[in-house]
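Welcome, and take a moment to look around before reading on. The sequence and the structure come next, followed by a short guided tour.

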Amino acid sequence: MNTVREEIITTHDLNDLHAEHLELSMGPQHPATHGVLQIKLRLDGERVIHADPIVGYLHRGKEKHAEHCTYQQFFPLTDRLDYLQPLANEVGFALTVETLAGIDVPLRAQAIRTLICELMRLSAHLIWVGIGGLDIGATSVYFYAFRERESLFDILDKLTGLRTNQEYIRLGGVGADLDAEVIRELRQWIADFPKRIDEFEMLLSGNRIFYERMKGIGRITAQQAIDLGVTGPCLRATGVGVDLRRARPYLLYSELDFEIPVGTEGDAYDRYLVRVEELRQSTRIAEQLLKDLPSGDFIAAELKDVLPPKGRVYTSMEEMIHQFKIVTEWCPPPGEVYQATEAANGELGYYLVSTGGRSAYKLKIRAPSFVNLQSLKPMIEGGYFSDVVASIASLHFIMGETDR
Amino acid sequence: MADHPVSPSSSKTEALAALVSEFGAEHLPDAADGIAGILVDRDSWLELARQLRDQEDLRFDLLVDVTAVDWPDRQPRFEVVYHLWSLTHNRLLRVKVGVPEEQAECPSVVLVWGTANWHEREVFDMYGVRFAGHPDLRRILMPDDYPYHPLRKDFPLEGVDNSVSYRNEGGVLMTQELFVDRPAGQDPTPVDRSKGDPQGYSDGAAPADES
């Protein structure tokens, strides 16, 4: 602080009111910075003239861990990347390892995974609607969004045994089948959900205060966004209709009917609108999947590379030995793979290099939040200080995956 | 926007082959994910990067990811790996640039793809590879004064005590307190542990009741 004060004194000039620049550190404990982001701001009055986002406060060395634990052991760690959509992170990692090892996943397991990915997108966007609204000052919508999220979690709890950080995806499939009760409850939840989206829109979209706080704020152009590697809803809000579910389809997305919403202005309000429309599209996808879920196995029947179902492990010696070997000794072939999925915030990619050992030789997690966060600087520089929070809220990053 | 999926050979176009031979690069063997890869000499990488972005038939306009792989037994030791995506043609390309340990430096592509800024800072932070021409090459995930590059293979998983630096002097391991040259006022405050731990925890005892 000393240096700042000295600088202010030396640059102080009564004839020029703009000579005093205030250096302000926002975060890492600021409630609106979604965790532990710190932004070093230089302010000229109310104007932000320089911003420097500082990340790394939540760095847990996941990529280093990946080089030392087995592939099975790494699944729980992926949960804690973007902790709002833990199972989508697991699906991405599973697809990466399966591509490398050439594991075939049964159709039903793929359908369940696709469904889970969309439910995760819904739950992550629900947080966005709730917390994003709260950041702007719309308190009520927070309770509406969290009520829906909790009821979705209740269903996921029945399916996986946990509300969040479920660890449900396995190599070659998923950990448990969708039973009739869960399917019925999910159908009910999905059928009710469009009404809930209308409620959010009623509370926010046409809300004059919300509109004025978001419209024209934190604008970036399509060219800027592409240059900065921005993906996901933030890129689509600038008018670039790129979605990995269409561009590089994985799971069952090439057979599903859905639209890719795009914005026009690339401002905070467009990012909000794109996400709300994605809520509707994800609901559509989930509806299609639940309508006729393919029958078959939920995990590959060929047990060379996959964990045997728990029921058989407890009753058969061979399966017990097999489970032990898979957990402790399973190795994919040597090679390298980059596999990306469309996560709630953008392109979540895993770059895996294997030398044929029990653990990855190198695992790079291409986290969408890390890359998208670079666009915060052009969004807030030149704008007002009070709009910083609107930009942060609309950009929506998760520090767990930013810092890894 | 192309709707078709990336097929294994889709990035191996004539334009790429021409560029590869022009810059003396070489094609990498086929990978399991079907993404075409090229190995580029670091001296020609920056110019090649510009061509990859700007040529009409290539248009790799989005730099998806930058990382490095440490191969302690190979020459060169580091491999900087780039993943490029052409939104126009919906193609992916993997580019590898070898960087030796002695002179761990690679040209920065921040001027070609702005997103490289933080990616290159991360590679520098984790592997110690410097990027020539980077506008702001600071550490990004580790603290600014952290003395190691933790994703190098010779860095132990359990980490090292980073308040102390270790050096080997004639077979004797010497330790030296780090951060001694910090500006005044930033020194770590000495903690008085004579009355137990500062947070009210003592060995084995339950935390003090806050009520």
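The report below covers the interface, then a sheet and its helices, then the salt bridges.

Please keep in mind that this is a predicted model.

**Where the chains meet**

Let us begin with the contact between the two chains. Chain B brings 50 residues to it and chain A brings 43 residues. The size of an interface is often given as the accessible area lost when the parts come together. Here the area buried between chain B and chain A is about 3800 Å², and carbon and sulfur atoms give 61% of it. On the chain B side, W118(B), L141(B) and L157(B) lose the most area to chain A, and together they account for 18% of what that side buries.

Polar groups take part too. Between chain B and chain A there are 22 residue pairs in polar contact, with both residues at pLDDT 80 or more. Several elements of chain B each supply at least two residues to the side that touches chain A: strand 3 (62-70), strand 4 (78-86), strand 5 (91-99) and helix 3 (116-127). Strand 3 of chain B gives the largest share, nine residues. By type, the residues on this side of chain B are 31 nonpolar, eight polar and eleven charged.

**The sheet in chain B**

Strand 3 also belongs to an open sheet of five strands in chain B, with the order 1-2-5-4-3 and mixed pairing. Strand 1 (26-27) and strand 3 of chain B are the edge strands, each pairing on one side only. Further in, strand 2 (residues 36-40) of chain B runs parallel to strand 5 of chain B, and five bridges join them. In one of these pairings, V40(B) has V97(B) in strand 5 of chain B as its bridge partner.

Two helices lie across these strands. Helix 2 (residues 42-54) of chain B crosses strand 2, strand 4 and strand 5 of chain B, at about 165° to strand 5. Helix 3 of chain B lies across strand 3 and strand 4 of chain B, at about 5° to strand 3.

**Salt bridges**

Side chains of opposite charge can pair when their charged atoms come close. How many salt bridges does the structure hold over all chains? The total is 47, and seven are counted between chain B and chain A. Here are two examples, with N to O distances.

| Salt bridge | Distance |
|---|---|
| D52(A) with R138(B) | 3.3 Å |
| D387(A) with R213(A) | 3.5 Å |

The pair D387(A) and R213(A) links distant parts of the chain, 174 residues apart. D387(A) sits in the loop between helix 16 (376-380) and helix 17 (388-395) of chain A, while R213(A) is in helix 8 (residues 208-214) of chain A.

Technical notes: Residues numbered from 1 in each chain as written. Chains lettered and ligands numbered in written order. Predicted model: local features only at pLDDT ≥ 70, side-chain atom pairs only at ≥ 80, totals over all residues. Heavy atoms only, no water. Contact = heavy atoms within 4.5 Å. Buried area = accessible area lost by both parts, 1.4 Å probe. Salt bridge = Lys/Arg side-chain N within 4 Å of Asp/Glu carboxyl O. Polar contact = N/O pair within 3.5 Å; in protein donor to acceptor, adjacent residues only side chain to side chain. Helix = DSSP H or I, 4+ residues; strand = E, 2+ residues; numbered from the N terminus. Nonpolar A, V, L, I, M, F, W, Y, C, P; charged D, E, K, R; others polar. Pairing = 2+ DSSP bridges. Axes fitted to C-alpha atoms, helices over the stretch in contact; angles between N-to-C directions.
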